Amino acid sequence: HRKKNSLAALKLALQPGEIGINGADNSIWMRGYNNEYFPLVPSFSALSFGVEGNGADDTDAILDAVEKCKGGKLVFPAGTFICKAQLNLDSIWIEGAGMGAGAAVQTILQFAELGTNAAIVTRLADTNSYSNRISNMRIEANSWHATLGCRGYGLDLEARIQLDSVMVYGFYKSNIYLHGGV
């Protein structure tokens, strides 16, 4: 059963187990049986946007996927995904298949040719009602080379974000830079 109201009104109207739509941003929420409320997010495979993960340049497909999956979850399978542009996260959950050198299955998001730009950025002005989230992946720089590598931050985080089982390494300035409203 679905109801469409503002989030505050929706929380008052939903019964345990019911799903409703927040009229302000069309996000879908569910009331659990212990009176907790949580958003339900649509999930998309990165492969459906042309991302290959075979070590070739996936930049255009990754940028397209991140833009089109706002408010949802973008799932990367195991593989090495090369990105040569900064990712600006706005209300998205990016999930991989695993991380760590000893993991049997790994998702590696490798950045190259960023100069002094950060690889992944969140900003307070960009964040809507959802937080950003990254889980189960390795985020790395290909090198510190002045033009071909990554001499900036790995993650430049100003807005809300949740990191779960994420390894960030190899960036020149710092792997993670926290500031502002984080």
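In the predicted model, strand E14 (residues 153-157) is paired with E16 through four bridges, and the two run parallel. Within this pairing, Tyr153 has Ser174 of E16 as its bridge partner. Both strands belong to an open sheet of four strands, arranged in the order E9-E12-E14-E16 with parallel pairing. Strand E9 (87-89) and E16 form the edges of this sheet, each pairing on one side only. On average, neighbouring strands of the sheet are turned by 15 degrees against each other, direction ignored.

The edge strand E16 (residues 174-178) contains Ile176. With a relative accessibility of 35%, Ile176 is classed as partly exposed. Together with Leu163 and Leu178, Ile176 makes a nonpolar surface patch of about 240 Å². For the chain as a whole, the exposed area is about 8,800 Å², of which 51% is supplied by carbon and sulfur atoms.

A further set of parallel pairings centres on strand E8 (residues 79-83). Of the five residues of E8, four are buried, so this strand is largely enclosed by the rest of the structure. Strand E6 (residues 54-57) runs parallel to E8 and is joined to it by two bridges. Asn54 has Thr80 in E8 as its bridge partner. E8 also pairs with strand E11 (residues 107-111), again in the parallel sense, over five bridges. In this second pairing, Gly79 is matched with Thr107 of E11. Pairing of strands in a sheet takes place through backbone hydrogen bonds, in either a parallel or an antiparallel arrangement.

Eight salt bridges were counted in the model. In one of these, Lys84 is bonded to Asp57, with the closest N and O atoms 4.0 Å apart. Because Lys84 lies in the loop between E8 and E9 whereas Asp57 is in strand E6, this pair ties together parts that are 27 residues apart in sequence. Lys84 also forms a salt bridge with Glu113, at an N to O distance of 3.4 Å. Glu113 is located in the loop between E11 and strand E12 (120-122), so its pairing with Lys84, in the loop between E8 and E9, connects parts separated by 29 residues in sequence. Through shared partners, the salt bridges join Asp57, Lys84 and Glu113 into one network.

The three members of this network are each classed as partly exposed: relative accessibility is 34% for Lys84, 46% for Asp57 and 40% for Glu113. Another salt bridge links the side chains of Glu67 and Lys70, with an N to O distance of 3.6 Å. Lys70 is likewise partly exposed, having a relative accessible area of 42%.

Over the whole chain, two helices and 16 strands are assigned. Of the 182 residues in the chain, 43% are buried. Among contacts with a sequence separation of 6 or more, 58% are between residues 24 or more positions apart.

Definitions and conventions
Residues numbered from 1 in each chain as written. Predicted model: local features only at pLDDT ≥ 70, side-chain atom pairs only at ≥ 80, totals over all residues. Heavy atoms only, no water. Buried < 20%, exposed > 50% of the residue type's maximum accessible area, 1.4 Å probe, protein only. Pairing = 2+ DSSP bridges. Contact = heavy atoms within 4.5 Å. Areas by Shrake-Rupley, 256 points an atom, 1.4 Å probe, with all protein chains shown as cover. Patch = residues over 30% accessible without salt bridge, like charges linked within 9 Å, V, L, I, M, F, W, Y side chains within 5 Å. Axes fitted to C-alpha atoms, helices over the stretch in contact; angles between N-to-C directions.
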